[in-house]
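Me: I am new to this structure. Please take a close look at one part of it, and say enough about the rest for me to place that part.

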Amino acid sequence: MTQQKHSLNFGKKEKVLNYACQTYRFSRPNHVGAVMAFIRECQPQTIEEWEQWYFENAYTEAKTKTKITKESLQELGERLYGKITEVVIPEWQAAFAQLTLQDCMDYIFNLTINLTFDGFLREKSVVNDGLSKIFTDVTLEESDPELDHAGDIDYIGKLGNKAFGIQIKPVTAKVNFGNYSATERMKASFADFEEKFGGKVFVVFSLDGEIANKEIIQEIQKEIDRFRH
């Protein structure tokens, strides 16, 4: 039986809508709440049931939680439109005017060779020079490319018959990684991993090959202690 789809089709406009929404984080939990967690709690049979439950129960995950309403979602849409028309379109028009064939060739080479190698070295440094020396009794292995969650989980830490996941994210000195929030898709992937392997997924931020969010070490240790008990 073919599953009925309820999502709207925005055609070619969807690319710019997705770009702007992700860039300005309008779909993050501090704006729309933890929607995947909400819908699992609701367990709706129809989209009407889900919509009613959401507007009756959903709150943002901002420091000051606020009730989510149809009006607040409409206001987010108005802000999205403002960003697209006032910032995104002018920036893209300037980029289009300056774009060259050499830029495109350099971009593909940089993406394939340079960035891949930088990421490889960064992961190795965080794991071999950091995590493996801290958690000496844990076997840290690269995620199997065939694993369903491989796109979101870089390494698996094995202890006995359980395992936890590691995602390594690069940051610069000017980035506040404390504001990082996983996408709803990633949260769903992390939840699936935890159900399968028994352990949580931890996001480790790398700054010049070293662990930037040091507090994550204590969180991983708590998970290891939980495994043992």
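Reply: Of the chain's 229 residues, 32% count as buried. The model is a predicted one. About 15,700 Å² of the chain is exposed, and 53% of that area comes from carbon and sulfur atoms. The C-alpha atoms fit a box of roughly 50 × 50 × 45 Å along the principal axes. Charged side chains number 28 positive and 35 negative, with the centres of the two sets 2 Å apart.

The chain holds eight helices and five strands. Read from the N terminus, their order is α-α-α-α-α-α-β-β-β-α-β-β-α. Contacts between residues at least 6 apart in sequence include many long-range ones: 56% of them join residues at least 24 apart.

The part to look at closely is the pair α3 and α4, together with the loop after α4. Helix α3 covers residues 35-42 and helix α4 covers residues 47-57. Their axes come within 10 Å of each other and cross at roughly 115°. The crossing is right-handed. On the α3 side, the residues that meet the other helix are V35, F38, I39, E41 and C42. Their partners in α4 are E49, W50, W53 and Y54.

Y59 belongs to the loop between α4 and α5, the latter spanning 70-98. One of the residues Y59 touches is F38, which is also among the α3 residues that meet α4. Leaving out residues up to four places away in sequence, Y59 also touches G33, K65, T66, K67 and I68. Is Y59 buried, exposed or partly exposed? Its relative accessible area is 41%, and Y59 therefore counts as partly exposed, since that value falls between the limits of 20% and 50%. As for distance across the model, the C-alpha atoms of Y59 and A163 are 32 Å apart, with their positions 104 residues apart along the chain.

For contrast, consider a residue in a strand. S206 sits in β4, which runs over residues 198-207. S206 has a relative accessibility of 1% and so counts as buried, because the cut-off is under 20%. Setting aside neighbours within four places in sequence, S206 is in contact with R122, V126, I168, K169, P170 and V171. To put the two together, S206 in its strand is buried, whereas Y59 in its loop is partly exposed.

Technical notes: Residues are numbered from 1 along each chain as its sequence is written. This is a predicted model: local features need pLDDT of at least 70, side-chain atom pairs count only at pLDDT 80 or more; totals for chains, interfaces and linings use all residues. Side-chain values use heavy atoms; hydrogens and water are left out. Helices (H or I, at least four residues) and strands (E, at least two) are DSSP runs, numbered from the N terminus. Buried means under 20% relative accessible area, exposed over 50%, partly exposed in between (1.4 Å probe, protein chains only). Contact means heavy atoms within 4.5 Å. Accessible areas come from the Shrake-Rupley method with a 1.4 Å probe; for residues, only the protein chains shown count as cover. Lys and Arg count as positive and Asp and Glu as negative; His and the chain ends are not counted. The place of a charge is taken as NZ of Lys, CZ of Arg, CG of Asp or CD of Glu. Axes are lines fitted to C-alpha atoms, for helices over the stretch in contact, and angles run from 0 to 180 degrees between N-to-C directions. A crossing is left-handed if the near helix is turned anticlockwise from the far one by less than a right angle, and right-handed if clockwise.
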